[in-house]
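Reader: I have a model with two chains on my screen. How do I start reading it?

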Amino acid sequence: MANDYPQGVDMAAAIAAGFILDRRKAVPKMIGRHEDFLFVTGLAGTARDIAALTRDGAHIYTMAGAMGGACMIGLGLALARPDKRVLVATGDGELLMNLGALATIAVLNPANLAILCVDNGHYGETGYQKSHTSLGVDLEKIAAGSGIKRARTIASETELAEGSRMLREGNGTAFVVLKVKPDDPPPFKRNMDPASCRTRFRGALLGTG
Amino acid sequence: MPDDDGSAARWQDELYDLLRRHNVTQFAYVPDAGHRILIDRSLADPGAQSVALTTEEEGVALLAGADLGGARGVLLMQSSGTGNCINMLSLIKGGHFPFLTLVSMRGDFGEGNPWQYPMGQAVEPVLQAMGVICLRIERPEDVVPTVGAALTMVFQGGRAVAVLLTQNLLGAKSF
């Protein structure tokens, strides 16, 4: 019998480990009205999640390289624009590449910044090899240990509303891990040119290139 | 010639004022003796945001985010930190982001610590390979004019520029 999930994934093991939610449904539910945020995304999966949700809107900056930079781009943007809510949506692999950023962000703790880590426990883009979060690493605890006071893992339908609130409210930076099945993100084709995306983003936000 | 503390304080204070006059508000750094006054001034300045990094590549990404939001920043680091930035500079080069860094050099003129040489000597070739223009400063009187030129190149010209504060300027370390 053919599986309808990516080749090489041990889906039964992933589900047993709590990676249950469908990212294509859970990510839009968590975010709600996307126009309320400026987005910075990681590579691959989360870039496609957010590009599909916004139809590759001018209020998103998606990455396809420079792995490990998403949270810090978000911090620079949040500090520059305290009048806007900034949401970094990134994957477990991208986040793991620069965990120190969580310490840097915790120290400043901007209230207009939230980080949504869409954690499927795998490196989806390179063939669904297991990431550290499938092997015992707990990103919520790392964030909390880094000093981020509002850190939480969301792994079931019933918790989505609470996660959604955290992304939108609060007096300090929020860090939400959304555990999802290791399954493909929406097949959305986005603009992959980092320079034209910069011009597009700044044009919409600042009225300038 | 190595500076005495008084003249180092003078050019660093002038440098801070120059950066602030050009609306630089985000000061990102990994602590370093060569940037001590700039870091302390940014911490004391209510109009600036002082961002202590765990590794220098964080600063590269931070400054790209600042630019997306219409703000200007500078990355203060030691020469060893440039090596930590290299892949993140893909973001700067590919995205045509303005990028300004001030690099306090080690592993160069008069260096006594052998560990500092490999990265110190590689700073210019690796930064240039990633599209960053390098400007070297040897004398205190050149600091303000050179950083002034760099500010124009970065925030009007849209370039990536590293200003290298050499050990002629800062004083060589024998340890």
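Author: We go from each chain to the sheet, then to the contact between chains and the core.
Author: This is a predicted model: local features need pLDDT of at least 70, side-chain atom pairs count only at pLDDT 80 or more, and totals for chains, interfaces and linings use all residues. Residues are numbered from 1 along each chain as its sequence is written, while chains are lettered from A and ligands numbered from 1 in the order in which they are written.

Reader: How many helices and strands are there in chain B?
Author: Helices (H or I, at least four residues) and strands (E, at least two) are DSSP runs, numbered from the N terminus. Chain B has 8 helices and 6 strands. Read from the N terminus, its elements run α-β-α-β-α-β-α-α-β-α-β-α-β-α. Chain A has 9 helices and 8 strands.

Reader: How compact is chain B for its length?
Author: Use the radius of gyration, taken over C-alpha atoms, and the globule rule, 2.2 Å times the number of residues to the power 0.38. For chain B the radius is 15 Å, close to the 16 Å from the rule for 175 residues, so chain B is as compact as a globular protein of that length. Its C-alpha atoms fill a box of roughly 40 × 35 × 30 Å along the principal axes.

Reader: In which order do the strands of the sheet in chain B lie?
Author: Strands of a sheet pair through backbone hydrogen bonds, either parallel or antiparallel. Here, two strands pair if DSSP finds at least two bridges between them. In chain B, 6 strands form an open sheet in the order β2-β1-β3-β4-β6-β5, and the pairing is parallel.

Reader: Why is one side of β2 and of β5 of chain B left without a neighbour in the sheet?
Author: β2 (49–52) and β5 (133–137) of chain B stand at the edges, each with a single partner strand, so one side of each has no neighbour in the sheet. For β5(B), look at β6 (residues 160–165) of chain B: they pair in the parallel sense over 5 bridges. There, L135(B) stands opposite V163(B).

Reader: Which helix packs on this sheet and touches β3, β4, β5 and β6 of chain B?
Author: Two residues are in contact if their C-beta atoms, placed from the backbone, lie within 7 Å. Axes are lines fitted to C-alpha atoms, for helices over the stretch in contact, and angles run from 0 to 180 degrees between N-to-C directions. Helix α7 (residues 143–155) of chain B touches those strands, and its direction makes about 165° with that of β6(B).

Reader: How many residues of chain B are in contact with chain A?
Author: 28 residues of chain B are in contact with 28 residues of chain A. On the chain B side, α3(B) gives the most, with 9 residues.

Reader: Which residues have the most contacts inside the largest nonpolar core?
Author: A residue is buried if 20 or more other C-beta atoms lie within 10 Å of its own, exposed if 12 or fewer, and partly exposed in between, with C-beta atoms placed from the backbone. A nonpolar core is a set of buried Ala, Val, Leu, Ile, Met, Phe, Trp, Tyr and Cys residues joined through C-beta atoms within 7 Å. The largest has 114 residues, and those with the most contacts inside it are L116(A), L178(A), V60(B), L76(B) and V163(B).
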